[in-house]
Amino acid sequence: MRARLVVHRRDWRSRHVVIPATLLSLVLVASFGGFGSVQVGAAPFSVLDSYQPPCPFLPDPPPEGWKLWSDPATWASTGSSVVPGVKAAGSEWADVTIPCGTAVLLDVPLVSLSKLVIKGWLRVQDSPSLPRVEVQATFIIVQGRLSVGSSDAPFRRLALFTLLPSPGRRNFSLTDLPPADPQNPRNLGHKAFIVVGGAVDLHGMPGSASAPAWVRLVRTVVPGDKFVVVDGDITNWPVGGTVAVASTSANMNEAETGVITYVAPMPSGPGYYIGLAKPLKFRHEGSLQGIPDGVGGTVDIRGEVALLDRNVIIRGYKEKPPFDTDGGHFMVFMTRTPQVIEGVQFLGLGNQGVLGRYPVHFHICGNGNQAHIVRKNVIAASQQRCVVIHATSDMTIEENVAYETKGHCFLTEEGSEYNNVFKRNLGINIRGVRKVIPPESSDRLDRQTDNQATTFWMASPRNDLIGNVAAGCDNTGYWYEMLARMRGASKKLDLGDTPMPFFDSFGRFDGNVAHSCKAGIRMYPHGNRPPKEAVFTNLLVYQSRLGILFHRSRDTTIRDSAFVDVAVGIGSDVNVDIKVQNTRFVGRTQPCVSSAKRASAQAQAMDFKTAAAAAATSTGASGLFPNQPTALVQESLSSTLLRSYLNSEGPVTASAASTNEDGFIQGNSIKGVTSTTTATTTTTASTASTASTTFTIQSLPTESSSPTESTSPAQGNPPTDGYPNPITPPSSGPPVTDNPKPLPTLP
């Protein structure tokens, strides 16, 4: 269902001029059977095909109003009495539609489908009897509602959506949706999770929605430490989960991962211990650094620690070359319906070298998107980019974590994106791609630059960046690459007198950090000519080659900032009126050991072994000492899956990882997490022959028993060991020409 909205240019640029909800409702009702039109103001600048739900959303049904996926009666209206997608019923790889007016509760552990279309409402059951629920499909499209957990009660088990390659790698389009839209054959790709008019409501933050996604060290880590001390309340971080510890040196390959063995509060003062299964290999700064040579003062260059586990996972099935960079994608397509994406792990997504195929992609959703929530998610092992905002305005992207991704990470794509807020996001180890997206024209300005990976890449300056961290990247932490025109599809928008990006005003830039990159900020090669002064405040760049590079820029002020351990603080070329105020340039730092803080530091941070022993005793986790062997802890299923994407071939040294063609840092992944030897039984995946090729897919290991509901934070609740579930892919259509490697079993 589409409604054609002709929007006044001021509506796009400002939060204060929007289409009234009552007027918009009337327009959508009037256009329910086809196209409708509304024009606000006399000078329209944009025409958007805004897709709407095919039928009104259902109100919350009572418990008895939900139909069970496992009940054959649920599917009687489709003319079948067989439960779809279940191997025991012989109904794998069916096309399934949740019809309008129907609310279905997914209560089976595994469904394998060809295509899943949600027009009604699908909710994933959160029950101790279902420790893991997995949906495997080649194509998932949401026109109605999809719910996993809620804001008050995030999902407590594991909900997994696995995107598989379609037979013959066939791309889907809107013409595949019933009823077909032959006027709009837009290519939506394959291994695709698409929201068209519908709404997703996903909540998978472990423990609580209030748990922090990342924190900072409060004690310096030295090689050999099997614990870290951090500054946030991470009580709900799961034992068996995986944390990433960012590099604080100039070498971003010193970032490391570790499996959590315990979480315990410090007995005196703020802070929490995180026990790790294996020792860390590198030094990570965790204290304020003093400024030498009589200048005085300190700078905060403490390293970041991020939780990589989430209880809701959307992943692209990992394949062998030549399809190893074809990860699949998640897209909200031309839809104004509010989306809530909170606490989701997007794993192995992105189709490298293909335009529009990203892990999280808001595609031409227009303005007035304040209700969209993209918060506390993890994007890991991405093949192309992280969170892409395209011709979409007024969104907030907050406290997301990206780890070991390729291409630019958080970005506005074409220059027609305004008033978006990027707040407290963290990118660790952002690397360049091998296959760059081809240019859309012969114009050299249309080239893509993902081989020069940047954590925050802005095609439009009129967006806010607040409290973000670029913690290791191949090129630049924050790259403003503005043109005197729009890029891509945005060139076709009628922008009226809206300034082009090169001449537009800057949004707020405050409290951002870049370290372990080549450069902190770049305005290159085009620079900017803002109509009013652009101000960058409280910027910190350290352990990088270059602080800021200005090129062809003017009327810009750097204020209350610091450039520490950088070769060049500010580089300037062909610029006018660049000002630097109250900013420190430090060539070398030293540990802060001021007498005023020494006593407190000794009490809270020096005798860690004794403090950790007391903390462990108070929480009932006896025997947990930071650098001593810990009790047997099994890594979580989420961690096992993450490890398989980051390091499927086993650990390698950091030096070897730096030359790996994938560009991944593999030397610090955990191969096993126990200090004792355990025997593991492995089953062989079954294979299905399609023409003359063999295609093997293997799902996550199955738990042999259900977990208990609650345990001590220090002891945790490690899942039990189990065996892999072999599955057979759809065999219809042209031959499949790939043979992906099965996922590993639990150690």
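This section describes the overall make-up, strand pairing and aromatic contacts of a predicted model.

The secondary structure of the protein chain consists of six helices and 55 strands. The chain has 747 residues, and 60% of them count as buried. Among contacts with a separation of 6 or more, 73% are between residues 24 or more positions apart. The accessible surface amounts to about 26,700 Å², and carbon and sulfur atoms contribute 54% of this area.

Strand pairing was examined for S45, S47 and S49. Strand S45 spans residues 534-537 and strand S47 spans residues 554-559; the two pair in the parallel sense through four bridges. Within this pairing, Thr 537 has Arg 559 of S47 as its bridge partner. S47 is also joined to strand S49 (residues 576-581), again in parallel, by five bridges. Here the bridge partner of Ile 558 is Val 580 in S49.

The structure contains 17 aromatic pairs. One of these is formed by Phe 227 and Tyr 273, with ring centres 6.1 Å apart. The planes of the two rings stand at 50°, and the pair is therefore classed as tilted, a term that excludes planes under 30 degrees apart and those over 60. Phe 227 belongs to strand S18 (residues 227-230) and Tyr 273 to strand S21 (residues 272-276), so the pair ties together parts 46 residues apart in sequence. Phe 227 and Tyr 273 are both buried.

A further aromatic pair, between Tyr 478 and Phe 509, is edge-to-face, with a centre-to-centre distance of 5.5 Å and an angle of 80° between the planes. Because Tyr 478 lies in strand S41 (residues 476-480) and Phe 509 in strand S42 (residues 509-510), this pair ties together parts that are 31 residues apart in sequence. Tyr 478 has a relative accessibility of 0% and so counts as buried. Phe 509, at 2% relative accessibility, counts as buried as well; the cut-off for this class is under 20%.

Tyr 478 and Phe 509 are also members of a cluster linked by ring pairs. The other members are Phe 410, Phe 456, Tyr 480, Phe 506 and Phe 536. Phe 536 falls within the residue range of strand S45 (residues 534-537).

Aromatic rings also take part in arrangements with charged side chains. The charged end of Arg 424 is placed over the ring of Trp 214, at 4.0 Å from the ring centre. Similarly, the charged end of Arg 462 sits over the ring of Tyr 418, 4.4 Å from its centre.

Technical notes. Residues numbered from 1 in each chain as written. Predicted model: local features only at pLDDT ≥ 70, side-chain atom pairs only at ≥ 80, totals over all residues. Heavy atoms only, no water. Buried < 20%, exposed > 50% of the residue type's maximum accessible area, 1.4 Å probe, protein only. Contact = heavy atoms within 4.5 Å. Areas by Shrake-Rupley, 256 points an atom, 1.4 Å probe, with all protein chains shown as cover. Pairing = 2+ DSSP bridges. Phe/Tyr/Trp six-rings, centres within 6.5 Å; stacked < 30°, edge-to-face > 60°. Lys NZ or Arg CZ within 6 Å of the ring centre and 35° of its normal.
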